[in-house]
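Below is a colleague's note on this model, set out as numbered points. Please read each point against the sequence and the coordinates.

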Amino acid sequence: MDREDWPDDDLETTRESALSEEVAAPTAVTEGPPATSRKVRRRGRRTRMRSKTIAMKRLTKEELRLGALLYPPVDEPRPRMRSECKDAPRPCPWVSCKHHLYLDVNPETGSIKLNFPDLEVWDMRETCSLDIADRNGITLEEVGEIMNLTRERIRQVEVRGLLKLKMMSPIGGNDPSDVS
């Protein structure tokens, strides 16, 4: 059987075992578990699927036309204020709402970012960012899980947002008399 005929799973396992053997060979004299390469260790870290972006300018006219036919505009009025949707059924059916966690739309490019490409909307535990905001304070880890981002990325966004708020405040950044 040639290497090309092997199933992908067997090939991956063979590569990993060969890599483990190469790394473990010089350390075989020492006791304890064999050393593994960084590549093998890092493999199991990410359990969630990464978000996926669909660039509108890469879609053909035919794809856009078919999308419009598949999802015609809905005549049912959607909620405009929080008070209208607060007691609505969950998961929230209004994916196009700016507070919905399933997707984000970039207003400049029109690209669509699917935050959870491996899930359907009805499979999500949380669908509305306003419901989460009503809870009053959650950890960076929880926010990262809800938004399908890492804890560190959430921390970076938080720091940037706080800096922007500070720059916009009257006491904040643009006061020339502030010497501190």
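1. The lining of the largest pocket in this predicted model is made up of 18 nonpolar, four polar and five charged residues. The lining comprises 27 residues, and those lying nearest the centre of the pocket are Gly67, Tyr71, Val95, Leu103 and Ile112. The volume of this pocket comes to about 1,100 Å³.

2. As to where the lining comes from, at least two residues each are supplied by α3 (61–70), β2 (103–105) and β3 (112–114). Of these elements, α3 gives the largest share, which amounts to four residues.

3. Leu103, one of the residues nearest the centre of the largest pocket, belongs to strand β2. Leu103 counts as buried because its relative accessible area is 18%, and the cut-off for that class is under 20%. Beyond its neighbours within four places in sequence, Leu103 makes contact with Val95, Ile112, Lys113, Leu114 and Asn115; Val95 and Ile112 are also among the residues nearest the pocket centre. The C-alpha atoms of Leu103 and Leu114 are 4.6 Å apart, although the two residues are separated by 11 residues along the chain.

4. For the overall architecture, the protein has seven helices and three strands, and their order along the sequence reads α-α-β-α-α-β-β-α-α-α. Of the 180 residues in the protein, 14% are buried. The exposed surface is about 15,200 Å², with 55% of it supplied by carbon and sulfur atoms. Among contacts with a separation of 6 or more, 47% are between residues 24 or more positions apart.

5. How many salt bridges does the model contain? The count comes to seven, and one of them joins Arg82 to Asp131, with 2.8 Å between the closest N and O atoms. This pair links distant parts of the chain, since Arg82 sits in helix α4 (residues 82–85) and Asp131 in helix α5 (residues 129–133), 49 residues apart. Arg82 has a relative accessible area of 22% and is therefore classed as partly exposed. Arg82 and Asp131 also belong to a network of salt bridges that takes in Arg90 and Asp134.

6. A further salt bridge is formed by the side chains of Arg125 and Glu145, at 2.8 Å from N to O. Arg125 is placed in the loop between β3 and α5, whereas Glu145 is in helix α6 (residues 140–147), so this salt bridge ties together parts that are 20 residues apart in sequence. The two partners fall into separate accessibility classes: Arg125 is exposed, with a relative accessible area of 70%, while Glu145, at 41% relative accessibility, is partly exposed.

7. The side chains of Glu126 and Arg135 likewise meet in a salt bridge, with an N to O distance of 2.6 Å. Glu126 is partly exposed at a relative accessible area of 26%, and Arg135 is also counted as partly exposed, at 41% relative accessibility.

8. Backbone geometry deserves a separate check. Most residues other than glycine have a negative phi, and most peptide bonds are trans. Against that background, the peptide bond from Arg90 to Pro91 is cis, with omega near 5 degrees. Pro91 is located in the loop between α4 and β2, and Arg90, on the other side of this bond, is a member of the salt-bridge network with Arg82, Asp131 and Asp134.

9. Two asparagines should be inspected for their phi values. Asn136 has a positive phi of about 65 degrees although it is not a glycine, and Asn148 has a positive phi of about 60 degrees, again without being a glycine. Asn136 lies in the loop between α5 and α6, and Asn148 in the loop between α6 and α7 (151–168).

10. Are these two asparagines buried or exposed? Asn136 is exposed, because its relative accessible area is 63% and the exposed class begins over 50%. Asn148, by contrast, has a relative accessibility of 3% and so counts as buried.

Note on methods: Residues numbered from 1 in each chain as written. Predicted model: local features only at pLDDT ≥ 70, side-chain atom pairs only at ≥ 80, totals over all residues. Heavy atoms only, no water. 1 Å grid on protein atoms, 1.4 Å probe; cavity = no way out; pocket = protein on both sides within 12 Å on 5 of 7 lines; lining within 4 Å. Points joined across faces, edges and corners; volume = space filled by probe spheres on them. Nonpolar A, V, L, I, M, F, W, Y, C, P; charged D, E, K, R; others polar. Salt bridge = Lys/Arg side-chain N within 4 Å of Asp/Glu carboxyl O. Buried < 20%, exposed > 50% of the residue type's maximum accessible area, 1.4 Å probe, protein only. Contact = heavy atoms within 4.5 Å. Areas by Shrake-Rupley, 256 points an atom, 1.4 Å probe, with all protein chains shown as cover.
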